[in-house]
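Dear colleague,

Please find below the structure I am handing over to you. My notes on it follow.

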Amino acid sequence: MAAGAFLAALAGSAAASAAECPRKEALGTSRVLSVDAKATPRVGLKSFPQTLPLADREVVLTFDDGPNPPTTSKVLAALAQECARATFFLIGLHAAAHPDMVKRIAREGHTIGHHTWSHPFMARIPFEKARAEIDRGIAADEMALNGVSTTTPSTPFFRFPYFEATQAELDLLQSRGIVVFGADLWASDWNEITPAQELKLITERLAAAGKGIILFHDPKARTAAIMPAFLRYLRENGYRLVHVVPGR
Ligand SMILES: [Zn+2]
């Protein structure tokens with residue numbers, strides 16, 4: 001098969017199944033998990049009592065606050081090298097500025113979730129303003145992705161900036177069938193730490209937790225820098241990647 005046709009086939013099957021990886025030694029993506037707001041409206045133990053039904057050593061990779069082309073492209077390259085599928089929670093402002101990068105994330109088989117228009121503290125603004133942040137963010141992401149401005153997300157996954165939400169905002173998302181993603185563990189990559197420190201921190205936290213939804217930030221250079229080594233760590237230590245997609 002020609003390379004172009006192969007890539008097209010890969011993109012076409014991306015949402016349906018964990019695609020075949022041409023490199024047998026790669027980490028790969030072990031399974032696809034459909035996530036539905038009816039069954040699991042909110043997931044992530046850092047904020048909520050429940051999380052995704054992951055087995056021991058299963059990991060879901062998530063990246064917030066992009067796209068930011070210089071670093072996001074490095075993260076995408078590291079993921080592609082290991083045939084690893086992740087979820088990117090985009091800031092609408094950034095999606096509007098970099099629509100080609102949004103399309104590339106989707107084309108490479110990753111899931112695109114939403115992370116507001118401008119990343120405010122959502123519990124410190126009036127409800128109507130918060131609703132507008134949610135809708136404008138989704139519309140910007142959808143416009144970048146599909147060229148259609150709609151507040152109905154093609155992937156109904158949302159993450160609150162700073163994991164800060166009011167009950168009314170949580171209720172609004174639930175009423176719209178949008179899953180709210182927290183996280184089970186994180187790399188603390190917003191702190192001024194070196195890549196080596198970040199890698200040590202996240203691998204130690206993962207070893208302690210054994211599994212979970214991991215939060216990274218693809219605009220952070222330190223995170224882009226450690227991604228090849230972190231994915232290699234997962235592979236060499238028997239972790240398996242789970243790719244989350246919308247329920248049907
Ligand atoms: Zn964020």
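**Zinc site**

The zinc ion takes its protein donors (N, O and S atoms within 2.8 Å of the metal; water is not among the atoms, so sites may look incomplete) from Asp-65 (OD), His-115 (NE2) and His-119 (NE2), at 2.0 to 2.1 Å. This is a predicted model, in which local features need pLDDT of at least 70 and side-chain atom pairs count only at pLDDT 80 or more, while totals for chains, interfaces and linings use all residues. Residues are numbered from 1 along each chain as its sequence is written, and side-chain values use heavy atoms, with hydrogens and water left out.

The donor spacing in sequence is D-x49-H-x3-H. Asp-65, in the loop between strand S3 (58-64) and helix H2 (69-81), and His-115, in the loop between strand S5 (111-114) and helix H5 (127-146), are 50 residues apart and link distant parts of the chain. Helices (H or I, at least four residues) and strands (E, at least two) are DSSP runs, numbered from the N terminus. Asp-65 is buried (under 20% relative accessible area, 1.4 Å probe, protein chains only) at 16%, and His-115 is buried at 2%.

**Nonpolar cores**

The largest nonpolar core (buried Ala, Val, Leu, Ile, Met, Phe, Trp, Tyr and Cys residues joined through side-chain atoms within 4.5 Å) has 33 residues; among those with the most contacts inside it are Phe-63, Leu-79 and Phe-216. H8 (221-236) is one of the elements supplying at least two residues, and its 6 residues are the largest share. A second, separate core of 14 residues includes Leu-54, Phe-89, Phe-157 and Phe-181.

Yours sincerely

Technical notes: Donors = N, O, S within 2.8 Å, 3.2 Å for Na, K, Ca; no water. Buried < 20%, exposed > 50% of the residue type's maximum accessible area, 1.4 Å probe, protein only.
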